[in-house]
Amino acid sequence: MTLHPMGGDPTRFGTEAFYASLGRAFVAMCAVVPFLFVIEAMDQGLDFGLDVAAGIIPHRIQGLDGVFFSPFLHHGFDHLYSNSIPLILLGTFVLAAGTRRFLWSTLIIILVSGLGVWFTGASNSVVVGASGVIFGYLGILLTRGIVERSWWNFAVVLLVGLLYGWQLLGILPTDERISWQGHLFGLLGGVVAAILFRRRRPEPYGPHRPESTLIGP
């Protein structure tokens with residue numbers, strides 16, 4: 001854990017360092033979304049057909065590379081618009097807890113979500129979109145609230161639930177053209193990542209807390 005002399009602990013809600021870390025994370029996440037729009041604009045403007053070429057095609061070897069590429073692709077701008085705000089909001093709070101944890105957690109989410117879709121998705125489908133990552137970030141914040149006893153993580157999840165509660169039903173099977181498998185496995189990937197990369201609190205007396213204190217003469 002790194003303490004900032006003037007700002008306090010960057011992982012503790014309310015400190016100057018916490019808000020500074022949150023601000024940097026917000027700027028970084030806001031830079032990611034334009035990159036996704038550039039990809040979508042190039043795909044549509046130049047007719048690259050990236051959705052089929054680089055999306056997840058369940059049960060097919062040629063569609064396995066989509067596990068890594070599909071989060072950067074979307075089925076039109078409407079699809080991308082609907083993912084942009086949740087991605088920025090949730091990604092900001094996940095990134096604010098540390099860049100290294102963010103990158104490793106995102107990789108775990110992409111793998112669990114993508115492979116889950118590849119194994120369980122409909123064979124005649126092509127799956128693209130960042131929604132699996134979004135649900136993964138949601139899983140991270142929810143699980144961190146439990147394992148790290150961080151109430152502000154719970155507060156973020158509550159806020160997202162109030163704003164996008166109807167979208168959270170996307171982890172359940174529906175008749176709509178959405179990959180509920182990607183949402184569900186993304187959420188599970190976030191839970192796994194939060195546990196693997198959880199922040200452990202230091203013990204008050206080092207690794208072995210003494211059972212009693214002896215006072216010398």
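**Notes on an all-helix chain**

1. Let's start with the overall picture. Of the 217 residues in the chain, 43% are buried (buried is under 20% relative accessible area, exposed is over 50%, and partly exposed is in between, with a 1.4 Å probe and protein chains only). Keep in mind that this is a predicted model, where local features need pLDDT of at least 70, side-chain atom pairs count only at pLDDT 80 or more, and totals for chains, interfaces and linings use all residues. Residues are numbered from 1 along each chain as its sequence is written, and side-chain values use heavy atoms, with hydrogens and water left out.

2. Now the secondary structure. There are 8 helices and 0 strands, so the pattern along the sequence reads α-α-α-α-α-α-α-α (helices are DSSP runs of H or I with at least four residues, strands are runs of E with at least two, and both are numbered from the N terminus). Take the contacts between residues at least 6 apart in sequence: 73% of them join residues at least 24 apart (a contact means heavy atoms within 4.5 Å). The chain exposes about 12,800 Å², and carbon and sulfur atoms supply 68% of that (areas come from the Shrake-Rupley method with a 1.4 Å probe, and for residues only the protein chains shown count as cover).

3. Helix H1 covers residues 16-45, and Ile 39 sits in it. Ile 39 counts as buried because its relative accessibility is 17%. Apart from neighbours within four places in sequence, Ile 39 is in contact with Leu 50, Phe 72 and Leu 73. Leu 50 is 11 residues from Ile 39 along the chain, with 9.2 Å between their C-alpha atoms.

4. Two loop residues deserve a look at their backbone angles. Most residues other than glycine have a negative phi. Asp 47, in the loop between H1 and helix H2 (50-54), has a positive phi near 55°. Asp 47 is exposed, because its relative accessible area is 66%. His 59 belongs to the loop between H2 and helix H3 (66-69), and its phi is also positive, at about 70°. With 40% relative accessibility, His 59 counts as partly exposed.

5. What does helix H4 look like end to end? H4 runs over residues 77-96, and its end C-alpha atoms are 28 Å apart, which agrees with the 28 Å that its 20 residues should span at 1.5 Å a residue (the expected span is 1.5 Å times one less than the number of residues). There is still a kink of about 30° at Asn 83, shortly before the proline Pro 86 (the bend is the angle between axes fitted to the seven residues ending at a residue and the seven starting there). Asn 83 counts as buried because its relative accessibility is 9%. Not counting residues up to four places away in sequence, Asn 83 touches His 74, Ala 130, Ser 131 and Ile 134. After H4 comes Gly 98, with a positive phi near 135°.

6. Is helix H6 mostly enclosed or open? Of its 17 residues, 14 are buried, so H6 is largely enclosed by the rest of the structure. The end C-alpha atoms of H6 are 24 Å apart, in agreement with the 24 Å expected for 17 residues at 1.5 Å a residue. Just after H6, Arg 149 takes a positive phi of about 55°.

7. Not everything in H6 is hidden, though: Ile 146 is in this helix and counts as exposed, because its relative accessibility is 55%. Ile 146 joins Leu 142, Val 147, Phe 154 and Ile 195 in a nonpolar patch on the surface, with about 410 Å² of accessible area together. Patches are made of residues with over 30% relative accessible area and no salt bridge, where like charges are joined within 9 Å and nonpolar side chains (Val, Leu, Ile, Met, Phe, Trp, Tyr) within 5 Å; a salt bridge is a side-chain nitrogen of Lys or Arg within 4 Å of a carboxyl oxygen of Asp or Glu. The largest share of the patch, 3 residues, comes from H6.

8. Helix H7 (residues 151-164) holds Trp 152, which is buried because its relative accessible area is 10%. Trp 152 and Phe 93 are 59 residues apart in sequence, yet 9.8 Å apart from C-alpha to C-alpha.

9. Last comes helix H8 (residues 180-196), whose 17 residues reach 24 Å from first C-alpha to last, close to the expected 24 Å. Its buried residues include Gly 182, Gly 186, Gly 189 and Gly 190. Helix H5 (99-120) and helix H6 (131-147) are among what covers the buried residues of H8.
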